[in-house]
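Could we walk through this structure together, one question at a time?

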Amino acid sequence: MGGEEDSDGAKGGKILKRFKRGWMWNQFFLQEEYTGSDKQYIGKLQSDMDKGDGTLKYILTGDGAGDIFTIDENNGDLHANKRLDREEKAFYTLRATVVNKNTGLKLEPETEFIVKLHDINDNEPKFAKELYTASAPERSNIGTSVTQVTATDADDSMYGNSAKLRYSISQGHPYFSVDPNTGIIRTALGPGEMDREKREHYQVVIEAKDMAGQRGGLTGTTTVNITLTDVNDNPPRFSQSIYQFSVPESIKTGIPVGRINAVDKDLGKNAEMYYSVVSGDGLDMFDVITDKDSQEGIITVLKSLDYEKTRSYTLEIQVQNTQTLDTRFLGYLPTKDMATVRIGIEDVDEPPLFEKASYVMEVKEDAAVGTAVGSVRAMDPDGYNSPVRYSIDRRTDLDRLFNVHSGNGSIFIIRPLDREEAAWHNISVIATEFNKPLQTSWVPVYVRLLDVNDNAPKFASFYETFVCEKTKAGQKIQTVSAVDADDPVGGHKFFFSLAMEGAYRGNFTVKDNGDNTAGVLTRRSSYSQLHKSIYLVPVLITDGDFPMQSSTGTLTVRVCICDREGNMELCNAEAQTSSAGLSTGALVAILLCVIILLMIIVLFAALKRQKKKEPLIISKEDVRDNVVSYNDEGGGEEDTQAFDIGALRNPEAIEESKQRRDIIPSGTLYPPIRRTAIPSRDNADVRDFINQRVQDNDSNPTAPPYDSLATYAYEGTGSVAESLSSLGSASSEGDQDYNYLSDWGPRFRKLADMYGAEDSDLES
């Protein structure tokens, strides 16, 4: 890069020089989408320092330098090597400089320039969607907006008309139109033509063209599917004007008779309808409801039918929309439709029919047996008028309190009644045709028993109270009330007074409170527990109904010792139990529980003692008196040879040649040599006693084997206390005199009575 040098003056002894830029370009323009075979020439970069002598070198850097763009380093010619698209990149920024070929020094500062691409119309308009979906109400006015479509063009909108679009409709005439500038689609026909019931779906093709719609411009298209939404512009219409049905007279209420159908060209809620019976002789006998799913009218039975009374009915049924109808396009057409329904009744052999669906009867509870309570009546509804026989369903009258006359239906009493047991009796009466026993019917009969004053009032509960020994006259000690099983119409009214036969009229009095209660008052200021501890006060209770009933209730009053505040301190045993709130039965139950508990404890103790066994000898060194321990096990109950019992008969005997009796000896058998026992003077009586018992045991065929333990209890002789054995004392028991027990006081009185009585019996 070169420049000019100018002398503007000197300053500070220095000469200032200003270099003038010598580049001869600012920006270049290049047409996009170049289709030539050679490189596309852009322009020439030239510095005023270039003298043409070939000493300068042009260098290019920046976007696409060396690849897309190249420069001739000798003369500065700039070329594009590739085909460029403005829609991909609209401009490129490059930098150029000039250096000396020999020294490589920059002769010019690096300078930036731009290469812009000129746009050509090479892109057609494109819509945001290939397919649009829209809707518009039917019967819309002309110009009603439906939807808006938008297209874009990738060309440069700032250069020429390549990106200026115009919209047009190529398919969808004459129903719709499009705004050429905004792309808004509108209805083009009036309400009379845009009828959904005639045509519901439309397909509209919209075209967008660039170059402001001029010839040669590129175009893009899109499709818009438009649906007309429904409005309620059609009333329902019956598919036929007359309907005919037939039903048996025995049909139950609420059962469908048939269906009628009306058609509405509209959709959804606009097609919903309801039916109603507006006139006809069956207006009160039938009803019509709407099936929400099928929109059909269902005719149902409202009341029971009777062939003998009416054999056919005619109904006028109306149908209309549930939603408000748009009447702008109906003209003089009605908004509702009417149809005639004829229903024929078929005869059926029916059971007897009672005059009422149920009967309610009343009778006094004291009515005599045979009294009529009321009557029922049934008849054959068919034309035959067959006689009817009546009976009671005994499953509803298990106590057999009522009966019915089979001919006239009169119900009467066959057993006494009591309202207090059951105030109502619900029975069923059966009516049966004589000629056709299978034709039966039932009717419920409710019999109410009217109350009669046949029960006397009585205390509401058991009353028991106490009175202090020191009190004051007129002191209330108890409030009593009464109950009555009867149920008078005006409610209960009780009167209380002291019974005439009461023996304690001078001690207590009764004051009627007037509210079906009464207070028992004292008439004295002092009572004595020692003189009389319990008072039984009879209270007469009378009701206020007719015939008057009365009874006497007894109030138990106990005399107790009280403190200054009137609180009970001490009564007799019965009063204490009463004040504690425990009855005699409760005390007996508690006592029985205590006894059973003691018996269980004793039983467990006995079982525990029985399981505990004390050995005869705890150790070999512990020898007590004459007890000898032999730890020789026998051979069983039938083994009589294994052990010699003679050792027990004479402990001092010594056998020189003792043989085992439970094995076979190896030598010659010799009889055992017994030595005569040396008697001892001190225990001769014991020896004699044991020998005698051993002899008795040996001679007893039922005695156990020899190796079984036999115990002989003998205490000896010479005891100061004498023998305690029952064998030795039995003979002397009758000689004992027990009269001295009477002198030992009241504690031994029971023993004296027992043994003294025995002595008297023995003497007698």
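What follows is a short talk about a strand and a pocket.

This is a predicted model, where local features need pLDDT of at least 70, side-chain atom pairs count only at pLDDT 80 or more, and totals for chains, interfaces and linings use all residues. Residues are numbered from 1 along each chain as its sequence is written, and side-chain values use heavy atoms, without hydrogens and water.

Colleague: Which side chains of strand S9 are buried?

Modeller: Strands are DSSP runs of E, at least two residues long, numbered from the N terminus, and buried means under 20% relative accessible area with a 1.4 Å probe, protein chains only. In a regular strand the side chains alternate between the two faces of the sheet. In S9 (residues 111-118), Glu-112, Ile-114, Lys-116 and His-118 point to one face and are not buried, while on the other the buried ones are Thr-111, Phe-113, Val-115 and Leu-117.

Colleague: In which sense does strand S8 pair with S9?

Modeller: Two strands pair if DSSP finds at least two bridges between them. Tyr-92 stands opposite Val-115 in S9. Strand S8 (residues 91-100) and S9 share six bridges, and their sense is antiparallel.

Colleague: And in which sense does strand S3 pair with S9?

Modeller: Gln-27 has Ile-114 as its bridge partner in S9. Over five bridges, S3 (residues 27-31) and S9 pair in a sense that is parallel.

Colleague: Which element gives the largest share of the lining of the second largest pocket?

Modeller: Strands S27 (353-354) and S35 (440-450) each give two or more residues to that lining. The largest share is three residues, and it comes from S35.

Definitions and conventions:
Buried < 20%, exposed > 50% of the residue type's maximum accessible area, 1.4 Å probe, protein only. Helix = DSSP H or I, 4+ residues; strand = E, 2+ residues; numbered from the N terminus.
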